[in-house]
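Biologist: I am new to this structure and would like to know how its labels are justified. Could we go through them one at a time?

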Amino acid sequence: MPRGTPDAGSTETRTLEAFADTVLPGVKRTPEDTAVAGRSHDAGAVEAGALELLRTPATGLASGLAEFTELLNGHAARYADQHGTALDGGLPPFVQLSFEDRTALVRALTSPGHPEKEFWVMLALFCNMAYDSAAHTSTPAAIAAGHPGLRAMGFAAPDPDGLLRFKDYSYGRPLARLHPDTTSSGSPA
Amino acid sequence: MNTTEKTDVLIVGSGFGGAITAYHLAAGGARVTVLERGPWLETEELQHDFLLGSSYTRAFDFTVGDGMSVLGGNCVGGGSMVYFAALPRAPRFVFERKGSIGRRMWPSAITREALDPWYDRVAEAMGVRTQDWSDVSYAGGLWGAACDHSGRTANPVPVAIDKDACVNCNWMMAGCRFEAKKSLMFNYLPAAVSHGARIRPLHEVQRLERTDDGGYRVHYDVIDEDDYRVTTDSGVIEARIVVLAAGAGATPVILKRSESDLGTMPHAVGRYFSGNGERLNTAVVNEDRVRDVLGLSRDEERAYEAFQIGKGPCVANWDKLDGSLPEYSRYSLEQLYFPPALGTILAQVPGAPAPSWFGADKKEMLKRWKSWLIVFTMSEDDNEGVFGPLPPTGNAVRLSQQMLGRGPLTYRPTMNTLRGWERSDAEVKEILGKDGIADVAPWTNDLVGAYTVHPLASCRIGDDPHTSALDDRHELRGHPGVFVTDGSSVPGALTVNPAMTIAALAERAVPGIVDAARARGVDVTYGAPAPDGATSGRGGVLDPSGQRSS
């Protein structure tokens, strides 16, 4: 079941959600969800907590999110203009782009040579991290709460003390010939 | 009246290069102070947690450069706290490499044979042991079986891990909560402290100045324990000898920043950086083929699905570590685990048009994370890295409170390096693609450049003053009394995990540092046993009368 409620009011939230959804797409939270394009059948970066992570002061991004939003919508408006896509005045320009156009724009912004590449790569990295490591939440708590990214990946749950242990770990038998020049210390000669 | 703090030997950094020299010099009678820019993390503080601010982000730095990003330790114990404890010795041919300068780049005094007694000392101190196949994780076993299936050999790598204490949690990058991984916190560093060495965490050295008596004044900032962007204090310490071991990403920056007072640095300071030729491929394994082709199964249900289980790299293919092959075509292929985030973001979807590091297909790939296998290439690069304009403090402009920063390193891989990566990519694909075992794709270099966990050579030893910053005793050319003993002193890529070689070179450098200290009036001798009192390694470098072997 989709979790979370789309933010109908904030340009910043909707724009950054649309960016996060382009990085790791999810299912629409409601039929009216405009930020999430709906190109996946289950939760993506947005439901995994991308906005919460981006707004965590530890990332170093939080104070710059308004500027990111303005820049991204500026790029989106120019992209739409160059591609003959009509935008109306209602939604933020990046949110109005189709998933394919959002993807093409993110690809361009993160490509070698783009003058703002470093910022967009950093934004994308943290969107990824919200999904694949839930860096805004303590990991044992995230797993216990069924964090969608860690759950989808199959990240193993820790013991009650919060520490992970694997009892079984090895096939337990020789599986290859050793290199003939291996020394007695186990190193290459 | 202010009294400037004084010490005999000031050591910058507490990783292998700092801890080893600190121990021997303190044990020999010198007053030793170690300044470490990262925090001091006790075992009970080490968490299995990706939360920003946990031990995972406190303990290491990810420094993004132009064309190369560097992952390195940032805590007491340095790289040893976050490493995977794989400690192979470098193959013989490595010491004969010519690299980008067209002639042997290692000092003539150093060969594998000459270094072996020093490797022995490290092996004794760290408790390095060979692994057998029963120690090897499922992922290592899978890699070994795949190598065997394609007619290749595969070796369990030598490690410093207590197998009885290890729970195969694969959280080594956040330090080892079970004290199974033998970091420097269990040998050299406590032994150094017991001999009176003082270790100060969160002290980031910025620059050196010369004193009137030929010693050095070391300027440091004190770093906030939570927000590394914040400086809370600063100070100076004077020393007769300075040992720089801040890591290959930081040592040259400190030296370049010191040029205004110390004078011109050797040309090779901040040049010839090597990323150890590192390259990563991620495979998504076909579980049915693992069972049917390789005959592997964990139980009735699962053939593999075990990427998360283990202890970093367990098994390596060393078939291309062949001295008869041409330079730049030799590499090892090592099975590896990287945790989510650092180990997932740069992975690309096999078979998808690049860039495929994000998007719907990448998300589907993440859902098969348990069936991933990472193969790590360590090849011969061309020492292409150069440090540019310095950041105001430290070795990077810190972007996040911890971990993430932007550094001054530029790296443009030459065709030699690129061909080595292409060859290894093709070989990984050949091994894992055979009979449909897995689909493979290399990590993208488009986002943060190439990616190394083993930065080397930015202040290297050598015989040639034009292409090496240090003489073969690790003393900085033109700046007597300054020594460098970290990974920056290694001349070039090693084709294997470098910690063992960095440590052996640091051990080898100690007698020369002792001599220099004695010449400056420090009452210090060489000849301490291993940190736990064992003496067999010492016997290999001292003759029966207690004199140093040549």
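Modeller: Asp435(B) lies in the loop between α11 (415–433) and β17 (438–442) of chain B. Bear in mind that the model is predicted.

Biologist: Why is Asp435(B) called partly exposed?

Modeller: Asp435(B) has 13 other C-beta atoms within 10 Å. A residue counts as exposed at 12 or fewer and as buried at 20 or more. The value of 13 falls in between, so Asp435(B) is partly exposed.

Biologist: What is notable about the phi of Asp435(B)?

Modeller: Phi of Asp435(B) is near 60°, which is positive, and the residue is not a glycine. Most residues other than glycine have a negative phi. Ala85(B) is another non-glycine residue with a positive phi, about 60°. Ala85(B) sits in the loop between α3 (79–82) and α4 (112–126) of chain B.

Biologist: Is Ala85(B) buried or exposed, and how do you know?

Modeller: Ala85(B) has 26 other C-beta atoms within 10 Å. The cut-off for buried is 20 or more, so Ala85(B) is buried.

Biologist: What makes strand β4 (residues 68–73) of chain B largely enclosed?

Modeller: Six of its six residues are buried, so β4(B) is largely enclosed by the rest of the structure. Met68(B), Val70(B) and Gly72(B) point one way, Ser69(B), Leu71(B) and Gly73(B) point the other way, and all are buried. In a regular strand the side chains alternate between the two faces of the sheet.

Biologist: How do you know which strands pair with β4(B)?

Modeller: Pairing needs at least two bridges. Strand β3 (residues 60–66) of chain B is joined to β4(B) by five bridges, and the two run antiparallel. Within that pair, Asp61(B) has Gly72(B) as its bridge partner. Strand β18 (residues 450–452) of chain B has three bridges to β4(B), in the parallel sense. There, Tyr451(B) in β18(B) is opposite Ser69(B). Five and three both meet the requirement of at least two, so both count as pairs.

Biologist: What lies between β3(B) and β4(B) in their hairpin?

Modeller: One residue separates the two strands, and Gly67(B) in the turn has a positive phi of about 95°.

Biologist: Why is helix α12 (residues 499–519) of chain B said to have a span close to the expected one?

Modeller: α12(B) has 21 residues and reaches 30 Å from its first C-alpha to its last, against an expected 30 Å at 1.5 Å a residue. The helix does bend, by about 30° at Val510(B), and Pro511(B) follows within four residues. α12(B) is mostly covered, with 16 of its 21 residues buried. After the helix comes Gly521(B), with a positive phi near 90°.

Biologist: Why is chain B as a whole called as compact as a globular protein of its length?

Modeller: Chain B contains 13 helices and 19 strands. Its radius of gyration is 22 Å, and the globule rule gives 24 Å for 550 residues; the two are close, so chain B is as compact as a globular protein of that length. Of its 550 residues, 64% count as buried.

Biologist: How many residues of each chain take part in the contact between chain B and chain A?

Modeller: The contact takes 63 residues from chain B and 57 from chain A. On the side of chain B, α5(B) gives the most, with six residues. That side divides into 33 nonpolar, 17 polar and 13 charged residues.

Definitions and conventions:
Residues numbered from 1 in each chain as written. Chains lettered and ligands numbered in written order. Predicted model: local features only at pLDDT ≥ 70, side-chain atom pairs only at ≥ 80, totals over all residues. Contact = placed C-beta atoms within 7 Å. Nonpolar A, V, L, I, M, F, W, Y, C, P; charged D, E, K, R; others polar. Rg over C-alpha atoms; globule rule 2.2 N^0.38 Å. Expected span 1.5 Å × (residues − 1). Bend = angle between axes of the 7 residues up to and from the residue.
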